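Work through the exercises below with the sequence and the model at hand. Try each task before reading its solution.

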Amino acid sequence: MIPGKTQTLTITEKNDTGFFLSDGEGNNVFVSKLFAENHWEEGDEVEVFLYQEDGSLKATTELPFAQTGEFAVMECVQTLPSGAFMDWGIIKDLFVPYKEQKGKMAEGKKYLIYVYEDETTGLITGTQKFKRNPAYENLPLKKGDEVSLILMNETELGWNVVINQKYIGLVYNSDVYQKLFPLSETKGFIKTIREDGKIDVTLQPEGFEHIDEYRQKILDALEKNYGLLYLSDKSSPEDIREALQMSKKNFKKAIGGLYKDQKIDIQEEKIVLK
């Protein structure tokens, strides 16, 4: 049984207060009726999350915001001289020791937390201190994959992001076409996995297979602006980004397709809806 992870276990015993679950290798854990399903019966295989409390392992059907090896945005619910407790999404809050904080945490504020098992204590613990842009190996990702992102912080190069709650990547400034905020969540696309294992991400899909999305965005903008946009293939990337939150490359592909389909006219300094 692995604390900090969801696992499929078998119900071996049922009583008035809850259920005993087994992994089939002689390990057992108890789950209270409060955190179990009413239809459970002995012999059923059930999926539960294992957590630690008062030195023992317990189970719940609640799902945490992050399991061990994952990142999540969590709210601080209590601070002590020794550390802070974070709302983890389950009944037991996650402890972040003072030494694992970047600065003193404040109750009610949200922070990006990484969940790990402390090698010394064996306890599932949270930290704000994690390696920036580490070199990953054998990534289950490839160029073009759509991924979920948590915005970490802005740097001179761009934005550090968490990919699929597990990996740290970078969105370069040249690929940012919208206003971004720390700890916000959005989608992105794998741009490059470099030889050193670092990951570059873009906020917009690349390639003609995604152009329909940009065409529709331009048509919607034209509809809202009475059929007229003061943009053309001669407009600056900054003007296009501010008006439509897309790159000039994707803008030119999209208006080219719309012109070919006779849906717009492209004039000297503007495009007009037909």
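**Exercise 1.** Find how strand E11 pairs with strand E14, and over how many bridges.

Solution. Step 1: locate the strands, which are DSSP runs of at least two residues, numbered from the N terminus. E11 covers residues 146–154 and E14 covers residues 185–193. Step 2: apply the rule that two strands pair if DSSP finds at least two bridges between them. E11 and E14 are joined antiparallel over five bridges. Step 3: pick out a facing pair; leucine 149 is opposite threonine 186 in E14.

The model is a predicted one, in which local features need pLDDT of at least 70 and side-chain atom pairs count only at pLDDT 80 or more, while totals for chains, interfaces and linings use all residues. Residues are numbered from 1 along each chain as its sequence is written, and side-chain values use heavy atoms, with hydrogens and water left out.

**Exercise 2.** Describe the link between E11 and strand E12.

Solution. Step 1: E12 spans residues 158–163 and runs antiparallel to E11, with five bridges between them. Step 2: the connection is a hairpin through three residues. Step 3: in this pairing, glutamate 154 faces tryptophan 159 in E12.

**Exercise 3.** Work out the strand order of the open sheet of five strands, and name its edges.

Solution. Step 1: the order is E8-E7-E6-E9-E10, with antiparallel pairing. Step 2: E8 and E10 are the edge strands, as each pairs on one side only. Step 3: neighbouring strands are turned by 50° against each other on average, direction ignored; the axes are lines fitted to C-alpha atoms, and angles run from 0 to 180 degrees between N-to-C directions. Step 4: within the sheet, E6 (residues 71–80) and E7 (residues 83–87) pair antiparallel over five bridges. Glutamate 75 is found opposite aspartate 87 in E7.

**Exercise 4.** Search for aromatic pairs and examine the one formed by phenylalanine 19 and tryptophan 40.

Solution. Step 1: rings of Phe, Tyr and Trp (its six-membered ring) pair if their centres lie within 6.5 Å; planes under 30 degrees apart count as stacked, over 60 as edge-to-face and the rest as tilted. Step 2: the whole structure holds seven aromatic pairs. Step 3: phenylalanine 19 and tryptophan 40 are 5.3 Å apart centre to centre, with 70° between the planes, an edge-to-face pair. Step 4: phenylalanine 19 is in strand E2 (residues 18–22) and tryptophan 40 is in the loop between strand E3 (28–32) and strand E4 (45–53), so the pair ties together parts 21 residues apart in sequence. Step 5: both phenylalanine 19 and tryptophan 40 are buried (under 20% relative accessible area; exposed is over 50%, partly exposed in between, with a 1.4 Å probe and protein chains only). Step 6: elsewhere, ring pairs link Phe71, Tyr114 and Phe130 into a cluster.

**Exercise 5.** Is leucine 170 buried or exposed? Decide how leucine 228 is classed too.

Solution. Step 1: leucine 170, in strand E13 (residues 167–172), counts as buried because its relative accessibility is 5%. Step 2: leucine 228 belongs to strand E16 (residues 228–229). With 25% relative accessibility, leucine 228 counts as partly exposed. Step 3: from C-alpha to C-alpha, leucine 228 and lysine 274 are 9.8 Å apart in space, and they are 46 residues apart in sequence.

How values were computed
Helices (H or I, at least four residues) and strands (E, at least two) are DSSP runs, numbered from the N terminus.
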